[in-house]
Amino acid sequence: MIKYPFENQEIILVDNLSNDGTVEMVKREFPMVKLILPNNNLGFSLANNEGLLVSTGDYILLLNPDTEVYENTLKIIVNQLQLNEANLLAPKLINPDGSLQISFWKRPIVFDSFLELFFLNTIIKRNKYSIYPNKNFIVDSASGAALAFSRNSYEIIGGLDPILFWMEDSDLCERYRLAGRCVLYIPDAVVMHIGGVSSKKNQNKVISNQLLSRLKYFKKHKNRINFYFLVFIVFLHIISRIIIFNIFFLFNKTQKAKAYQFSLLKFFRYLIKNDLTT
């Protein structure tokens, strides 16, 4: 259960057209919560940005809905930001069973996608850190399930990039790094993250956005050579998965086979028409 240690804190909930009674429950049981009710589903990045626009606090915690903040976590975050408000803070994420959840990574490079193309990413974990320390640790990139930063940093660096449905957290971390700031993993601040609940519902969007967000990220942060190498690798990735899933499931086409066919269409629409929709 979230405990609120500050008298003047604010809680903002952006509801992306939920139909499970969440809005009514929040109005009834948590009247102190600021509810934002868009006319349509804004997606993850835009919804967070809407919340940021109406926020007024000196310190901000972006938090996924499938999370639980542990006791003293908010105090630890605020204390760390008071020590250095330029940092972007990443709390330790744990799974519902209490086990550690991998929540920070090295900067993405083309080689990561090359490894994934040939199913080598589970053997050669180039983007993973070899240690998960129990003290504060500077990292390249961290999960967007829970990220904290100061009002001043937000006004300088901005919120999440709305064209990224995946890798919006990597993009935010990269912008902090480019501004000469640090992404700091703080294991004393603990957040339980269920993860993957909503993403399992629509494989078309999950797979296409995972692949295309890489291209968008590389186009934004890398040189042209890196970008065009990645375009080629992503194309091979999609084609190879279409072949694999259609061969192995010849008489029972899986959702993933259909999702990669959908991704191929989105891939060409992005390259030819610069279609940035998710």
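Okay, let's start inside: the largest cavity in this protein has a volume of about 40 Å³. Keep in mind that this is a predicted model. How many cavities of 30 Å³ or more are there? The count comes to one.

So what lines the largest cavity? Going along the chain, you have Phe-44, Asn-48 and Leu-62, then Gly-144, Leu-147, Leu-160 and Asp-169. Sort those lining residues by type and you get four nonpolar, two polar and one charged.

Now let's step back to the whole chain. In secondary structure, we've got nine helices and 10 strands. As for overall dimensions, the C-alpha trace spans about 60 × 40 × 40 Å along its principal axes. Does "compact globule" fit, or not? Well, what radius of gyration would a compact globule of 278 residues have? That would be near 19 Å, and the protein has 20 Å, so the value agrees with a compact globule.

Next, the contacts. Take the ones between residues at least 6 apart in sequence: 72% of those join residues at least 24 apart.

And then inside versus outside. Of the 278 residues, 44% count as buried, meaning under 20% relative accessible area. The accessible surface of the protein comes to about 15,500 Å². What share of that surface belongs to carbon and sulfur atoms? It's 57%.

To pull it together: we have one cavity of 30 Å³ or more, with Phe-44 and Asp-169 among the residues lining it, in a predicted model whose radius of gyration of 20 Å agrees with that of a compact globule.

How values were computed
Residues numbered from 1 in each chain as written. Predicted model: local features only at pLDDT ≥ 70, side-chain atom pairs only at ≥ 80, totals over all residues. Heavy atoms only, no water. 1 Å grid on protein atoms, 1.4 Å probe; cavity = no way out; pocket = protein on both sides within 12 Å on 5 of 7 lines; lining within 4 Å. Points joined across faces, edges and corners; volume = space filled by probe spheres on them. Nonpolar A, V, L, I, M, F, W, Y, C, P; charged D, E, K, R; others polar. Helix = DSSP H or I, 4+ residues; strand = E, 2+ residues; numbered from the N terminus. Rg over C-alpha atoms; globule rule 2.2 N^0.38 Å. Buried < 20%, exposed > 50% of the residue type's maximum accessible area, 1.4 Å probe, protein only. Contact = heavy atoms within 4.5 Å. Areas by Shrake-Rupley, 256 points an atom, 1.4 Å probe, with all protein chains shown as cover.
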